[in-house]
Amino acid sequence: MNAASPDRRTHWLKTATRDGGRVQVSTGLLLLDSVVAIGFAGGLAGAIVAVPAGIAAILPWAILAALAGAARGLFAMLSARSGAAGAEQAKVRVRARVVAGALHRDPATAITTGAFMTAVVDEVETLEGYIARFLPARKAGAVAPLLILAATAIASPIAACILIATLVPFVFAMILAGGAAADQSRRQFVALARLTSHFADRVRALPIILAFRAEERETQAIGRAAEDLAARTMRVLRVAFLSSGSLEFFAALSVALVAVYCGFNLLRLLPFPVPEQLDIGRAFFVLALAPEFYAPMRRLAAAYHDKQAAETAAERLSALPPALPAAALPTPRTLPSIAFDRVTIRYPGEDRAAVSHLSFAVPAGRVVALLGPSGSGKSSLLHLLLGLAPLSGGTVRLDDEPLAEGGSLASLAAWAGQHPLIVAGTIRDNLRLAQRHATAPEIDVVVARAGLSAMLGARAGGLGSLLDARGGGLSGGERRRIALARALLKPAPILLLDEPTAHLDAVAETALIATIKTACRGRTTLIATHSDRLAAIADHIVRLGDPA
């Protein structure tokens with residue numbers, strides 16, 4: 001995945017956070033927290049001054065301090081909730097965009113499914129800290145210290161000058177810490193994304209890994225990647241610890257300088273003349289406000305890692321291909337025809353084409369069988385119609401209208417593949433994948449047409465029988481009948497079948513062929529198969545040559 005330019009990354013982050021209403025609310029609440037902090041300092045100072053006068057004089061100031069403290073807690077909670085709500089909205093928006101890009105991407109793209117999985121889970125999640133914590137802290141950090149400084153200057157201009165003077169090394173330390181953390185954070189995040197993507201792709205390829213007995217090698221590779229990630233994470237933590245320590249040091253030093261000044265001023269022991277003489281109330285007020293001057297910047301420094309993580313993720317997310325625009329399909333007649341004109345399919349990174357300069361037609365309402373050995377391109381032709389394979393040359397026509405680049409007939413087609421998808425749930429749930437709101441009579445019709453009645457009759461739960469994600473307890477023929485029933489349930493004029501009788505014995509194949517023949521009635525059908533017996537039910541057979 002290519003890295004995005006800084007301008008593109010910044011633009012992407014602005015687009016992702018374009019609905020900044022909740023961020024503004026969160027920022028406003030943080031500013032209110034600083035304003036109330038001034039009231040808390042005033043209540044504390046007033047209570048100290050009123051001690052000699054007794055409880056009656058202390059009580060109003062104590063109430064002010066208590067109310068201000070409670071308000072600070074309330075504002076902090078509301079700010080966190082508002083920021084989190086804004087972040088959740090942004091994450092949902094971005095995840096929808098990434099998922100749309102993954103489902104409707106150009107088949108020629110080289111980005112793996114694992115990369116999309118990493119993006120939609122881990123990389124999008126980084127927006128949480130960026131929107132909920134960093135953006136409000138950055139905006140509040142530009143204004144809140146000025147409010148505290150103004151209140152401090154009213155009580156003691158000299159103390160305000162001390163705060164300003166100590167701000168310079170504090171900001172310099174923040175810049176150094178941020179720069180050091182940025183590089184380590186970026187490397188750690190890239191390592192995390194690489195590990196997640198690698199693991200997701202290996203899980204997807206698990207049958208191949210097991211077939212070639214490469215489990216140990218892949219386990220070691222994933223282990224090395226995990227150890228590299230752990231090492232990078234420790235480097236990030238070390239830098240974060242050192243940066244936090246340096247920031248705390250300068251913040252504590254500045255507060256100590258203000259405390260020393262106030263103490264010596266009260267005792268009249270300053271070694272140099274100053275144009276003010278503090279009383280105990282003003283001294284306590286200034287001393288209580290001094291830590292608040294740095295609190296917004298410390299909050300910003302704590303959230304700086306969220307910024308780095310989000311910017312690193314933005315580089316990767318902005319480089320993901322957008323979803324292809326939905327190609328307008330011509331409105332077919334009652335039953336459409338499909339024509340392949342010198343079609344070539346070549347997958348990215350492959351030296352040879354899966355299909356080369358192939359031409360044939362599927363007349364409206366007829367059955368055409370693609371007959372050939374494994375690897376001859378039969379499945380690729382079906383995948384091309386579903387938008388899952390790249391059209392590298394030639395033209396596909398639906399009713400004499402060319403299919404647009406990146407176009408798909410998926411909305412017009414019912415599909416049953418080599419490995420039928422079974423989801424955890426009831427048999428009824430699996431059938432309704434084709435039509436969510438299918439009625440009971442509609443399901444009963446397709447169950448009968450697909451030859452599932454005998455299988456359901458042998459199960460106590462019937463359509464309500466539970467299946468696990470692997471379809472445990474189903475034979476290969478039963479799986480394929482469920483897939484055919486799903487295809488029948490979808491009111492589509494085109495039927496695409498990919499090796500529907502593969503790996504079945506002769507008896508099961510004969511029974512399923514009869515079901516398929518019934519399913520093809522009233523549809524334009526294209527069947528990919530290596531079975532001569534299944535091809536015999538077709539009106540026309542297209543023989544493909546040797547494997548590509």
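## Second pocket, helix packing and two sheets

In this predicted model, strand 6 contributes the most to the lining of the second largest pocket, supplying 4 residues. Strand 6 spans 413-416, and helix 15, spanning 476-489, is also among the elements that each supply at least two residues of that lining. The second largest pocket holds about 710 Å³ of space. Its lining comprises 19 residues, and W415, A416, G417, H419 and L421 are the closest to the pocket centre. By residue class, the lining of the second largest pocket has 12 nonpolar, 4 polar and 3 charged residues.

**Helix 15 and helix 16**

Helix 15 also packs against helix 16, which covers residues 506-519. Two packed helices are described by the angle between their axes and the distance between the axes. For helix 15 and helix 16, the axes come within 11 Å and cross at roughly 5°. Angles under 35 degrees count as roughly parallel, and helix 15 and helix 16 are therefore roughly parallel to each other. On the side of helix 15 the contact is made by R480, R481, L484 and L488, and on the side of helix 16 by A511, L512, T515, I516 and A519. The residues of this contact divide into 6 nonpolar, 1 polar and 2 charged.

**The parallel sheet**

Strand 6, met above in the pocket lining, belongs to an open sheet of 5 strands with parallel pairing, in the order 6-9-10-3-11. Strand 6 and strand 11 (540-543) are at the edges with a single partner strand each, so one side of each has no neighbour in the sheet. From one strand to the next, the twist averages 15°. Within this sheet, strand 9 (residues 494-498) and strand 10 (residues 524-529) run parallel and are joined by 5 bridges. At D498, the residue standing opposite in strand 10 is A528.

**The antiparallel sheet**

Strands of a sheet pair through backbone hydrogen bonds, either parallel or antiparallel. A second open sheet has 4 strands in the order 2-1-4-5, with antiparallel pairing. Its edge strands are strand 2 (355-362) and strand 5 (401-402), each of which pairs on one side only. Helix 11 (residues 378-385) packs on this sheet and touches strand 1, strand 2 and strand 4; the direction of helix 11 makes about 115° with that of strand 1.

Strand 1 (residues 338-345) and strand 4 (residues 393-398) run antiparallel, with 5 bridges between them. The bridge partner of I338 in strand 4 is L398, and that of A339 is R397. R397 also stands opposite P402 in strand 5. Strand 4 and strand 5 pair in the antiparallel sense over 2 bridges. Their hairpin has 2 residues between the strands, and D399 takes a positive phi near 50° there.

The strand pairs with stated bridge counts are listed below.

| Strand pair | Sense | Bridges |
|---|---|---|
| Strand 1 and strand 4 | antiparallel | 5 bridges |
| Strand 4 and strand 5 | antiparallel | 2 bridges |
| Strand 9 and strand 10 | parallel | 5 bridges |

Notes:
Residues are numbered from 1 along each chain as its sequence is written. This is a predicted model: local features need pLDDT of at least 70, side-chain atom pairs count only at pLDDT 80 or more; totals for chains, interfaces and linings use all residues. Side-chain values use heavy atoms; hydrogens and water are left out. On a 1 Å grid over the protein atoms alone, a cavity is a set of points where a 1.4 Å probe fits but cannot get out, and a pocket is an open set with protein on both sides within 12 Å along at least five of seven lines; lining residues have an atom within 4 Å of a point. Grid points are joined across faces, edges and corners, and a volume is the space filled by probe spheres set on the points. Ala, Val, Leu, Ile, Met, Phe, Trp, Tyr, Cys and Pro count as nonpolar, Asp, Glu, Lys and Arg as charged, and the others, Gly among them, as polar. Axes are lines fitted to C-alpha atoms, for helices over the stretch in contact, and angles run from 0 to 180 degrees between N-to-C directions. Angles under 35 degrees count as roughly parallel, over 145 as roughly antiparallel, 65 to 115 as roughly perpendicular and the rest as oblique. Contact means heavy atoms within 4.5 Å. Two strands pair if DSSP finds at least two bridges between them.
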